[in-house]
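Trainee: Could we go through the ligand site and the empty space in this model together?
Mentor: Certainly; let us have the structure in view and begin with the ligand.

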Amino acid sequence: MYKKLMTCFASVKEKVDFQPEIALILGSGLGDYVDEIQVEQTIPYAEIEGFPVSTVKGHKGKFVFGYVEDRPVVIMQGRVHYYEGYPMSDVVLPTRMMGMMGAKKILLTNAAGGCNPDFQPGDLMMITDHIAAAIPNPLIGPNIDELGTRFPDMSQVYSRRLQEVIRQCAHACEIPIREGVYVQFTGPSYETPAEIRMARSWGGDAVGMSTACEAIAARHMGMEVGGISCITNMAAGLSDQTLSHQEVQETADQVSKVFKKLVTEIIISM
Ligand code: HPA
């Protein structure tokens, strides 16, 4: 795995000369965030040797390098999902690469279903912690000692400092923000009402098909992690509506303007 990572890294290094400070992964609805930043360079994933290439509709797969005000960032426009069939080690490969490029901090965003009954579609939720017990751990396999330790601590995945930054940015932008625990399932089917009751009893507030694995890989290599979910729908059993990708995308698109404003504010302040 380390060899594969180094091959991809070398392939990017050949094409790009840019030192990012912050990494950003764009979830559904944020795909066009890159239009708001000063883009310096882009690389489609397909041009990176050995790189897992994403297939989901609405996810454009490329790394975008540029500046948000004066902060050098690397952005993943389109992520890799476990349900596409890649091993977990491939799913987190791009996260690791952004760390290797020099990003010491990472902001993870996603679309999620709300399983906290107080939430509403369209809410933004700062991730305070996650539950990854329903997915294979991305660190399974020989440990990559060059990146981190075999048994990394996960007692503060989403840094307290960044949580405070996110709160303050939301407050400054007058954007209401919820807080809660994100539960990752594998997908691609949405959860059953029974699974959502389980997630709720575990202490979850939102459910989705990404992010926790990336947060684990990022913490493994010592990156500082922050996360925000866009609650695009109420999770299965919490409303009478059936779930669809279309509903998820429609809500994400409606919220995107506010979400993008918040992301910019956070990146400038993080
Ligand atoms: N479940 C899982 N993933 C999701 C959901 C959901 O309800 N909404 C958006 N992504």
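Mentor: This is a predicted model. In it, a nitrogen atom of the ligand is 2.7 Å from an N or O atom in the side chain of Asn233.

Trainee: And how far is the polar side-chain atom of Glu191 from a nitrogen atom of the ligand?
Mentor: For Glu191, that distance is 2.8 Å. There is also a backbone contact: a polar backbone atom of Gly113 is 3.3 Å from a nitrogen atom of the ligand.

Trainee: How much of the ligand's accessible area does the protein cover?
Mentor: On its own the ligand has 260 Å² of accessible area, and the protein covers 95% of that.

Trainee: Which residues are around it?
Mentor: The shell around the ligand consists of Ala111, Ala112, Gly113, Tyr190, Glu191, Val207, Gly208, Met209, Thr232, Asn233, Leu243 and Val248. By class, these are 7 nonpolar, 4 polar and 1 charged.

Trainee: Which element gives the largest share of that shell?
Mentor: That is β5, with 3 residues. The elements that give two or more residues to the shell are β5, β8 and β9.

Trainee: Changing topic to pockets: which space does the ligand take?
Mentor: The ligand occupies the largest pocket, whose volume is about 370 Å³.

Trainee: What lines that pocket, and which residues lie nearest its centre?
Mentor: The lining has 23 residues, and those nearest the centre are Ala111, Tyr190, Met209, His245 and Val248. Of these five, Ala111, Tyr190, Met209 and Val248 are also listed around the ligand.

Trainee: Where along the chain does the lining come from?
Mentor: At least two lining residues come from each of β5 (105–114), β8 (206–208), β9 (224–234) and α7 (245–269). The largest share is that of β5, with 4 residues.

Trainee: How does the pocket lining divide by class?
Mentor: It has 10 nonpolar, 11 polar and 2 charged residues.

Trainee: What about enclosed space; how many cavities of 30 Å³ or more are found?
Mentor: A search of the whole structure finds 1. The largest cavity has a volume of about 40 Å³.

Trainee: Which residues line the largest cavity?
Mentor: Its lining is formed by Val12, Lys13, Val16, Phe18, Phe65 and Met101. By class, that lining has 5 nonpolar residues, no polar ones and 1 charged.

Trainee: And how is such empty space located in general?
Mentor: A probe the size of a water molecule is rolled over the atoms, which shows where empty space is left.

Technical notes
Residues numbered from 1 in each chain as written. Predicted model: local features only at pLDDT ≥ 70, side-chain atom pairs only at ≥ 80, totals over all residues. Heavy atoms only, no water. 1 Å grid on protein atoms, 1.4 Å probe; cavity = no way out; pocket = protein on both sides within 12 Å on 5 of 7 lines; lining within 4 Å. Points joined across faces, edges and corners; volume = space filled by probe spheres on them. Nonpolar A, V, L, I, M, F, W, Y, C, P; charged D, E, K, R; others polar. Near = heavy atom within 4 Å. Polar contact = N/O pair within 3.5 Å; in protein donor to acceptor, adjacent residues only side chain to side chain. Areas by Shrake-Rupley, 256 points an atom, 1.4 Å probe, with all protein chains shown as cover. Sits in = over half its atoms within 2 Å of the grid points.
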